[in-house]
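This report describes one protein chain. It begins with overall dimensions and goes on to aromatic contacts and a single loop residue.

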Amino acid sequence: MRLYTHPACLGHDNGPGNPEVAARLTAVLRALDHDRYAALDRVEAPRASREQLLRVHAADHVERMLAAVPEGETRRLDEDTVLSPGSAEAALRAAGAAVAAVDAVLDGGHVRRAFCAVRPPGHHATRESAMGFCLFNNVAVAAAHALAAHGLKRVAIADFDVHHGNGTQDIFWREPRVLFASSHEMPLYPGTGHPDERGEGNILNRPLSAGDGPYLFRELWEGDLLPRLHAFRPQLVLVSAGFDAHQRDPLANLCLGSEDYAWITAKLVELANRHADGRLVSTLEGGYDLAALAASASAHVEALMD
Ligand SMILES: [Zn+2]
């Protein structure tokens, strides 16, 4: 099991008052710096190439994200999303981690699962635009790479971040080779994710309500999303692993605990084992209470290592 990360991911700075802070990644890496995770094969994330980014993003979006921001300045993209001098490098490493992880699990070697401990997160970034703390859509770049460079025909993306992955949905709206399955709180940012949003039948949106807890979350996956994912028979399982449905998270109101993340992870490993020769790549999305994030992400990694 591989762990991809890069110190440059700490260099993206959203400025004061923004919950998407470098300390999130530090908290995750500190939790994984423990004997229990000694078997993790730790690899420095490479940069994504322009070609890899252009599979899912418009050229002017890519150029906007990569344009240099002078030292000491920031460029505000929306209410929550900012470019700082270190942002382009962080975003390239975050997307590059997911691409490298896909290559590693598909190259037929001993690596079957990988977790990308990176920021900025990705699942709100659309084809044309950054939003919601996200610059490039890391999981979408990875999925497109699996289709284009490895010739896969069925890639599943499971997104259990508490927010809807509107960017991933936007990018794969007309791409039946990708099945996107998302549980999220509704109503909540970014406002999309209604079950009627179906793409070509390859988009599965399953909203939960504020206050819903582990029972409803597990029932929704066990009774609905997982059977549909199994029926799709994915050749690769990608995970948008956001941990902001945790009860302590300040941005949302679901009531999960770290054990629920271990549970859903084990189910997704089982999905990959049954159809995809075990191949699973997970990438960090949200999670804004540092202690809850560290506990949840390490429960996720532990379940991936099992
Ligand atoms: Zn989120």
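The text below covers the fold as a whole, then the aromatic pairs, then alanine 252.

This is a predicted model, in which local features need pLDDT of at least 70 and side-chain atom pairs count only at pLDDT 80 or more, while totals for chains, interfaces and linings use all residues. Residues are numbered from 1 along each chain as its sequence is written, and side-chain values use heavy atoms, with hydrogens and water left out.

**Overall fold**

The protein chain has 9 helices and 10 strands; these are DSSP runs (helices: H or I, at least four residues; strands: E, at least two), numbered from the N terminus. The C-alpha trace spans about 50 × 45 × 40 Å along its principal axes. The radius of gyration is 17 Å, which agrees with the value near 19 Å for a compact globule of 306 residues; the radius is taken over C-alpha atoms, and the globule rule is 2.2 Å times the number of residues to the power 0.38.

Of the 306 residues, 60% count as buried, where buried means under 20% relative accessible area, exposed over 50% and partly exposed in between (1.4 Å probe, protein chains only). Among contacts (heavy atoms within 4.5 Å) with a separation of 6 or more, 75% join residues 24 or more positions apart.

**Aromatic pairs**

The structure holds 6 aromatic pairs. Rings of Phe, Tyr and Trp (its six-membered ring) pair if their centres lie within 6.5 Å; planes under 30 degrees apart count as stacked, over 60 as edge-to-face and the rest as tilted. Two of the pairs are tabulated.

| Pair | Centre to centre | Angle between planes | Class |
|---|---|---|---|
| Phenylalanine 133, tyrosine 288 | 5.5 Å | 55° | tilted |
| Phenylalanine 217, tryptophan 263 | 6.5 Å | 65° | edge-to-face |

Phenylalanine 133 sits in the loop between β5 (113-116) and α5 (138-150), and tyrosine 288 in the loop between β10 (280-284) and α9 (290-305), 155 residues apart. Both of these residues are buried. Phenylalanine 217 belongs to helix α7 (residues 214-232) and tryptophan 263 to helix α8 (residues 258-275), so this pair ties together parts 46 residues apart in sequence. Phenylalanine 217 and tryptophan 263 are buried. In addition, Phe160, Phe243 and Tyr261 form one aromatic cluster.

**Alanine 252**

Alanine 252 is found in the loop between β9 (236-241) and α8, and its 6% relative accessibility makes it buried. Outside its neighbours within four places in sequence, alanine 252 is in contact with Val162, Glu185, Leu188 and Asp244. Its C-alpha atom is separated by 9.8 Å from that of glycine 287, 35 residues apart along the chain.
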